[in-house]
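This text is a walk through one protein model, from its overall layout down to single residues. Keep the structure in view while reading.

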Amino acid sequence: MIAKHKTLDKIDRNILVVLQNNGRISNVELSKQVNLSPSPCLDRVKRLEKEGYIDAYYAILNPRKLGYDMVAYVSVTLDKTTTDSFEQFQRDILSIEEVIECDMVAGGFDYLLKLCIKNMKHYRMALGKIAEMSGVSQTHTYIVIENIKKNIGLPLSN
C-alpha cells in the first residue's frame with residue numbers, strides 16, 4: 001500500500017528551502033527562520049524526513065581543493081538496447097569512481113555521465129574504463145570550460 005503524504009503547506013516548504021541551503025542549521029535557528037516554535041518545527045522536519053521529502057544530509061566537497069580540476073560529461077551509446085544490456089551497464093558503471101552522476105536518457109544516446117577528474121591523463125584513464133565496458137559502442141565527451149550555475153536545490157516556490 002502506498003503511504004498517503006500530507007500536502008505541503010507554506011511552513012513545510014519554507015523548512016525545505018532553509019534546509020536545502022543549510023543542512024547543518026540548528027533546529028532553534030531553523031524555527032526562527034520559519035516563524036515556528038522549536039518543538040513543532042522539529043516535528044515537521046521529522047515528518048518531512050519520514051515521508052521522504054528529505055533524502056539525506058551531506059557535505060558538498062570542494063573538488064579543486066582535492067585536486068579535481070576538471071569536469072567532463074560523457075554520452076554513452078550501447079550496442080544493444082535490451083534490459084540485460086542496461087542492467088549490465090548500470091552494474092558496471094557503479095565501480096568507476098570518477099563517474100559522479102549517471103543518468104539513463106531518451107534521445108540520441110543511452111546514458112549521460114558526469115565525471116570529476118584531475119587532469120587529461122586522469123580523464124583518458126577513466127574514459128578507457130568506460131569504453132572497455134561490455135556493451136559500450138560509442139562515447140562522446142564534453143569538457144566543462146566554466147561552470148555557470150551550480151545546483152542550488154529544487155525550486156520550491158508556491
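Start in helix α2, residues 27-33, where S31 is found. Leaving aside neighbours within four places in sequence, S31 is in contact with L36, S37, P38 and C41. One of these, P38, belongs to α3, which spans residues 38-50. The relative accessibility of S31 is 3%, so S31 counts as buried. The cut-off behind that word is a relative accessible area under 20%, while a residue over 50% is called exposed. The model is a predicted one, and what follows describes that prediction.

Now step back to the whole chain. The protein chain contains 5 helices and 4 strands. Read from the N terminus, their order is α-α-α-β-α-β-β-α-β. The C-alpha atoms occupy a box of roughly 55 × 45 × 25 Å along the principal axes. The radius of gyration is 20 Å, whereas a compact globule of 158 residues would have one near 15 Å.

Of the 158 residues, 29% count as buried. The accessible surface of the protein chain is about 11500 Å², and carbon and sulfur atoms hold 53% of that area. The side chains include 21 positive and 19 negative ones, with the centres of the two sets 7 Å apart. Among contacts with a separation of 6 or more, 64% join residues 24 or more positions apart.

Next, look at helix α4, which covers residues 83-93. Which of its residues are buried? They are S85, F86, F89 and I93. Viewed down the axis of α4, these buried residues fall within an arc of 95°, so they line one face of the helix. The general rule is that an α-helix has 3.6 residues a turn, so residues three or four places apart point the same way. On the other side of α4, T83 and D84 are exposed.

What covers the buried residues of α4? The cover includes four strands, namely β1 (70-78), β2 (99-104), β3 (111-117) and β4 (136-143), together with the helix α5 (120-131).

The loop between α1 and α2 offers a contrast between two residues. R24 is located in this loop, after α1 (10-21), and I25 lies there as well. R24 has a relative accessible area of 80% and is therefore exposed. I25, with a relative accessibility of 14%, counts as buried. Not counting residues up to four places away in sequence, I25 touches V18, L19, L30 and Q33. As for R24, its C-alpha atom is separated by 20 Å from that of P155, a residue 131 positions away along the chain.

A last stop is the loop between α3 and β1, where K65 has its place. Is K65 buried or exposed? Its relative accessibility is 73%, so K65 counts as exposed. Between K65 and E51 there are 36 Å from C-alpha to C-alpha, and the two are 14 residues apart along the chain.

To retrace the route: S31 in α2 is buried at 3%, α4 has its buried residues on one face, and the loop between α1 and α2 holds both the exposed R24 and the buried I25.

Note on methods:
Residues are numbered from 1 along each chain as its sequence is written. This is a predicted model: local features need pLDDT of at least 70, side-chain atom pairs count only at pLDDT 80 or more; totals for chains, interfaces and linings use all residues. Side-chain values use heavy atoms; hydrogens and water are left out. Buried means under 20% relative accessible area, exposed over 50%, partly exposed in between (1.4 Å probe, protein chains only). The arc is that of the directions from the helix axis to the C-beta atoms. Contact means heavy atoms within 4.5 Å. The radius of gyration is taken over C-alpha atoms; the globule rule is 2.2 Å times the number of residues to the power 0.38. Accessible areas come from the Shrake-Rupley method with a 1.4 Å probe; for residues, only the protein chains shown count as cover. Lys and Arg count as positive and Asp and Glu as negative; His and the chain ends are not counted. The place of a charge is taken as NZ of Lys, CZ of Arg, CG of Asp or CD of Glu.
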